[in-house]
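Here are some short exercises to work through with the model open beside you. Try each task before reading its solution.

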Amino acid sequence: MRKSCVLFVVFVLLLFTHGTAPSFADDLSIPSVNVDFGQATSGEEAVTTVQILLFFTILTIAPSILLMMTCFTRIIIIFTFIRRALSLQTTPPNQVLIGLALFLTFFIMTPVMTDIKANAYDPLVAGEISQDVAIDNALEPVREFMLKQVRAKDLKLFVDLSGVENISEYSDIPTSALIPAFIISEVKTGFEVGFLLFIPFIVIDLIVASTLMALGMMMLPPVMISMPFKILLFVMVDGWNLIIEKIILSIR
């Protein structure tokens, strides 16, 4: 570490002196980095180029895919309602809630990702199918997952707004209409679960507020008294275990 710091200081001095220390400049070796763009001359080079493009494309749109086409939206909404119901502002922190929601999403979506790898990615790498076929094969299990979760009313709304007619089966539903319908359904489901979670904690707040008013302690915020009781109740019933279990079982 010390040697690296010394080399860094020497490098900075060389930049500002512009050659006033030729002895150091002759001994210092700085590698050069070149990026070349050209036309692929073989099938292997073309496959590698496609893989790199797909990799960077997925990295760019991964947050949108995660939010729009998985169960992440429902999970994070439910977790946020739980924290608000317990009268906690920053506990657990956002990083913890998002991390837990991410890992639960990966756990739930594992069969879908396995299907995509087996029917889309592996055949594409092996050169058995084209890129267009691979995209269709990868989209099919995701569409199937969204169709199982989406509400018929939300799906009908976007299908009607898209102007698509003569839909006889689910495969005829355009993906551009399925994705927003799925998002609305997930948000609504998250709010419904959050409302049900709020009910027992609201009862505790009402009991504590009524008790404080009966004792004439109106200057004491009821939240300060009810929050420990709500946390105690949540811990005693093993709330995280129950909620996560119900979330996983509720996703078809």
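**Exercise 1. Find how many salt bridges there are, taking a side-chain nitrogen of Lys or Arg within 4 Å of a carboxyl oxygen of Asp or Glu.**

Solution. The count under this rule is five salt bridges. Before going on, note that this is a predicted model, in which local features need pLDDT of at least 70 and side-chain atom pairs pLDDT 80 or more, while totals for chains, interfaces and linings use all residues. Residues are numbered from 1 along each chain as its sequence is written, and side-chain values use heavy atoms, with hydrogens and water left out.

**Exercise 2. Place the salt bridge of Arg 74 and Glu 186: which helices does the pair link, and are the two residues buried or exposed?**

Solution. Start with the distance: the N to O separation between the two side chains is 2.7 Å. Next, locate the partners: Arg 74 sits in helix H4 (residues 72–85) and Glu 186 in helix H9, 112 residues apart, so distant parts of the chain are linked. Helices here are DSSP runs of H or I with at least four residues, numbered from the N terminus. Finally, check the cover: both Arg 74 and Glu 186 are buried, meaning under 20% relative accessible area, with exposed over 50% and partly exposed in between (1.4 Å probe, protein chains only).

**Exercise 3. Work out why Lys 148 and Glu 144 are about one helical turn apart.**

Solution. First, the closest N and O atoms of this salt bridge are 3.8 Å apart. Then count along helix H7 (residues 131–149): the two residues are four apart, which means a separation of about one helical turn. An α-helix has 3.6 residues a turn, so residues three or four places apart point the same way. As for accessibility, Lys 148 is partly exposed at 42%, and Glu 144 is partly exposed at 41%.

**Exercise 4. Test whether the span of helix H9 agrees with its length, then look for a kink.**

Solution. Helix H9 covers residues 175–214, which is 40 residues. The expected span is 1.5 Å times one less than the number of residues, so it should be 58 Å. The end C-alpha atoms are 58 Å apart, in agreement. Now follow the axis: a kink of about 30 degrees lies at Ile 199, shortly before Pro 200. The bend is the angle between axes fitted to the seven residues ending at a residue and the seven starting there. After H9 comes Gly 216, with a positive phi near 80 degrees.
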